[in-house]
Amino acid sequence: MIYYFSGTGNTRWVATEMAALLDCEAVDICATDVDSLGTMASALKPEEPVGFAFPIHGWQPPRIMRRFVSALPHSIFAHRYVFAVCTCGDETGKALDIFRNELKARGMQLDFCASVQMPNTYVCLPFMDTDPKPLERSKIEKARERMSDISERVRRRERGEDLVKGTAPWLLTNVVGEYFNRRMVNDRKFKADSDLCIHCGMCAKVCPVANIHYDSSSMPQWHHDNTCTGCLACYHRCPKHAISFGYITRKRGQYFFC
């Protein structure tokens with residue numbers, strides 16, 4: 001079983017492809033009732049590994065995955081081989097140290113973790129944008145090989161980590177990332193341009209946390225209730241590029257792994 005969270009499709013693809021290689025199921029945590037996890041766990045095959053897959057948000061695990069783990073029944077996977085696969089545009093920092101500690105607090109051990117580089121999706125800072133198309137294609141082709149290698153290592157029950165942490169990973173995660181995730185992961189600056197919006201409702205449909213209210217007679221409205229996980233699915237999936245995050249994203253690219 002692989003439990004995954006995905007905003008723009010990168011991690012969904014990685015999780016489902018790896019599930020096929022490992023002959024198991026990939027489950028979207030946004031469509032999972034935590035109360036049913038005990039039943040799901042008891043239905044796992046003997047010796048079946050349990051995986052978690054998520055994108056890196058500001059060199060940390062995304063808020064929604066951390067909440068999911070904190071809601072797991074204590075020690076539910078304590079006697080199983082547990083692995084994690086994270087997707088990132090470039091590097092992970094020490095995000096998996098945080099995730100390892102989250103699991104430990106719930107009575108579980110992270111046996112193996114690895115990163116898969118995928119196309120960039122974060123566009124809300126001055127120096128960030130989507131990758132050029134040739135680089136997107138190159139990353140995806142390399143990711144296919146990477147997933148095959150990681151799946152084989154999981155099958156062999158390897159332990160340890162295989163991560164691209166980057167330069168000064170502690171600083172990235174515990175200073176820059178901590179500030180980013182505490183102060184900048186919110187929906188306050190999202191808005192839809194009334195001149196471009198075609199009232200298709202796509203933004204509300206793709207929001208993994210149901211944070212957008214939409215009906216055909218009004219503009220999309222974000223709830224501003226601290227549920228936004230900063231995945232930018234609404235921005236990237238808008239067919240008319242009508243959604244912006246402040247002014248900075250107006251000329252930025254869009255990307256979604258279909």
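This report walks through the helices, ring pairs, nonpolar cores and a few single residues of the structure above.

The model is a predicted one, in which local features need pLDDT of at least 70 and side-chain atom pairs count only at pLDDT 80 or more, while totals for chains, interfaces and linings use all residues. Residues are numbered from 1 along each chain as its sequence is written, and side-chain values use heavy atoms, with hydrogens and water left out.

**Two helices and their neighbours**

Helices (H or I, at least four residues) and strands (E, at least two) are DSSP runs, numbered from the N terminus. A good place to start is helix H5, residues 133-155. The expected span of a helix is 1.5 Å times one less than its number of residues. For the 23 residues of H5 this gives 33 Å, and the end C-alpha atoms are 33 Å apart, which agrees.

Here "buried" stands for under 20% relative accessible area, "exposed" for over 50%, and "partly exposed" for anything in between (1.4 Å probe, protein chains only). The buried residues of H5 are Glu136, Lys139, Ile140, Ala143, Arg146, Met147, Ile150, Ser151, Arg153 and Val154. What do they pack against? Their partners are helix H1 (10-22) and the strands S4 (82-88), S5 (112-117) and S6 (160-162). Just after H5, Arg157 has a positive phi of about 60°.

Helix H3 (residues 63-70) has Arg63, Ile64, Met65, Phe68 and Val69 buried. These residues pack against strands S1 (2-4) and S3 (50-55), and against helices H2 (37-42), H4 (95-105) and H6 (169-183).

**Rings that pair up**

A pair of aromatic rings is described by the distance of the centres and the angle of the planes. Rings of Phe, Tyr and Trp (its six-membered ring) pair if their centres lie within 6.5 Å; planes under 30 degrees apart count as stacked, over 60 as edge-to-face and the rest as tilted. By this rule there are nine aromatic pairs. One of them joins Tyr3 and Phe77, a tilted pair at 6.0 Å centre to centre with 35° between the planes. Tyr3 lies in strand S1 and Phe77 in the loop between H3 and S4, so the pair ties together parts that are 74 residues apart in sequence. Tyr3 and Phe77 are buried.

Another pair is formed by Phe190 and Phe245, with ring centres 4.9 Å apart and planes at 70°, so the pair is edge-to-face. Phe190 sits in strand S7 (residues 190-192) and Phe245 in strand S10 (residues 243-245), 55 residues apart. Phe190 is buried at a relative accessible area of 7%, and Phe245 is buried at 8%.

Ring pairs also link Tyr3, Phe52, Phe54, Phe68, Phe77 and Phe99 into a cluster.

Charges can meet rings too: a charge sits over a ring if NZ of Lys or CZ of Arg is within 6 Å of the ring centre and within 35 degrees of the ring normal. The charged end of Lys191 is over the ring of Tyr247, 5.0 Å from its centre, and Arg237 lies over the face of Phe256, at 4.2 Å from the ring centre.

**The nonpolar cores**

In soluble globular proteins, nonpolar side chains tend to be buried together. A nonpolar core is a set of buried Ala, Val, Leu, Ile, Met, Phe, Trp, Tyr and Cys residues joined through side-chain atoms within 4.5 Å. The largest one here has 34 residues, and Tyr3, Phe52, Met65, Phe77, Leu96 and Phe99 touch the most other members. H2, S3, H3, S4 and H4 each supply at least two residues of this core. A second, separate core of 23 residues includes Trp13, Ala53, Ala114 and Ile140.

**Some single residues**

Where are these residues, and how accessible is each?

| Residue | Place | Relative accessibility |
|---|---|---|
| Asn174 | helix H6 | 33%, partly exposed |
| Asp111 | loop between H4 and S5 | 8%, buried |
| Asn226 | loop between S9 and H8 | 52%, exposed |
| His241 | loop between H8 and S10 | 23%, partly exposed |

Most residues other than glycine have a negative phi. Asn226 has a positive phi near 70°, and His241 has a positive phi near 55°.

Setting aside neighbours within four places in sequence, Asp111 is in contact (heavy atoms within 4.5 Å) with Arg80, Tyr81, Val82, Glu158, Arg159 and Gly160.
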